[in-house]
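User: I should like to go through this model with you. Could we take the helix packing before the metal site?

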Amino acid sequence: MPKNLYPLDSTKKFTDQMYVGHNRWHPDVPANVTVKPGDVFRVDCREWFDGAIVNDDSADDVLNAPLSTVHVLSGPFAVEGAEPGDLLIVDIVDVGPIPQEDSGPLAGQGWGYTGVFAKSNGGGFLTDQFPDAYKVIWDFRGQTATSRHIPGVSFTGIVHPGLMGTAPSAELLAKWTQRETALIATDPNRVPPLALPPLPQDAILGTLSGADFDNAAAEGARTAPPRENGGNQDIKNFTKGTRVFYPVFVPGAKLSMGDLHFSQGDGEITFCGAIEMGGFIDLHVDLIKGGMETYGVSENAIFMPGNVDPQYSQWLAFSGTCVTLDGEQKYLDSHLSYQRACLHAIDYLTTFGYSAIQAYMILGAAPIEGRLSGVVDIPNSCSTVYIPTAIFDFDVAPSASGPHQIDPGMGVPMAQG
Ligand code: ZN
């Protein structure tokens, strides 16, 4: 095991740890740890809500989930010699849940969760169909996830960090704030909001204090969206073996990471989220001096995915086009066509006895594939969603004998508020 340069105590809150990380992007957050190109090291990560979501059969914690507190990130790590314009090579040497035998109270200790936010608290990809808060608990055994809330399903997880990235420069941060604020201004009272503006409340900024803290808290970018620095990209294929090339915008690069997932379907459509957990990630870092110009990377990370994906060979796929549920034709709207593909998959799975929310949770958590199959055939884009048939312990394909009926069990807990 590589040396753990960022140990976290699972019994303590994020702000009570030896190193205090951060939950906003700002160039002034000081590096907690310095590493050299060529170093291999371990980093512990808290689950994204810092323990606010518990292993029980109620979704009230998801209903009241404090979005102002996320994501709790480990770091920043300064990389010696990194300068703006370089590419930072980050290899994911290993990644997994909290390595201990005993199950414990923190997600990652033998279990994880998938939630759906209430529409009034962030919503999700299908918030019009699922406006309430829900939660599913998944139990881990080795690489396999099962849930007492979703019978008849077990699958091999695709373990990855949802969030990793370098610090923005002051100029880049200002650009983010300008463009996102302009978007919010087009419909400032929308529920859920169009974007999340800087929010000093609950900001955590490493070792910053006093006026420096106040300034960074007022300016710091929220961590929910992916941006030029990588960030919350939620790419399920960032598995062990992945190599990422991040643009460097500040001296030292200031790499941070968190939001570990035991598994996730493409799109992380449930938003709260994939299968969320705390855990560890082993990294190797290196630099390509001047690599941004050399390789034409003006912004946005490039990567080579790992090769430890679950081995599924048969899929049941659903397609959707960009026609609303009310029958309105939209123009090449791939977000809508992916929603329609997912809704078709949910409708199908309910014929086997699943509730619609159980089916939604399967799509959010299992390693399903989502694709933009056609984006040019005006007026309809075609999106598709592929479900591995082997995750079900019955035959899920259509047949003349009709759908096998499962016992839905206790079902998915919905928040009572
Ligand atoms: Zn997540």
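User: At what angle do helix α5 and helix α6 pack, and how far apart are their axes?

Analyst: This is a predicted model, in which local features need pLDDT of at least 70, side-chain atom pairs count only at pLDDT 80 or more, and totals for chains, interfaces and linings use all residues. Residues are numbered from 1 along each chain as its sequence is written, and side-chain values use heavy atoms, with hydrogens and water left out. Helix α5 (residues 334–350) and helix α6 (residues 356–365) pack at about 125°, with axes 9 Å apart. Helices here are DSSP runs (H or I, at least four residues), numbered from the N terminus. Axes are lines fitted to C-alpha atoms over the stretch in contact, and angles run from 0 to 180 degrees between N-to-C directions.

User: Which residues make the contact?

Analyst: C342, A345, I346, L349 and T350 of α5 meet A356, A359, Y360 and L363 of α6, contact meaning heavy atoms within 4.5 Å.

User: Now the metal. Which residues are the protein donors of the zinc ion?

Analyst: D259 (OD, twice), H261 (NE2) and E276 (OE, twice) lie 2.0 to 2.7 Å from the zinc ion. Donors are N, O and S atoms within 2.8 Å of the metal (3.2 Å for Na, K and Ca); water is not among the atoms, so sites may look incomplete. Along the chain the donor spacing is D-x1-H-x14-E.

User: Is D259 buried or exposed?

Analyst: D259 counts as buried because its relative accessibility is 2%; buried means under 20% relative accessible area, exposed over 50%, partly exposed in between (1.4 Å probe, protein chains only). H261, at 0%, is likewise counted as buried.

Note on methods
Helices (H or I, at least four residues) and strands (E, at least two) are DSSP runs, numbered from the N terminus.
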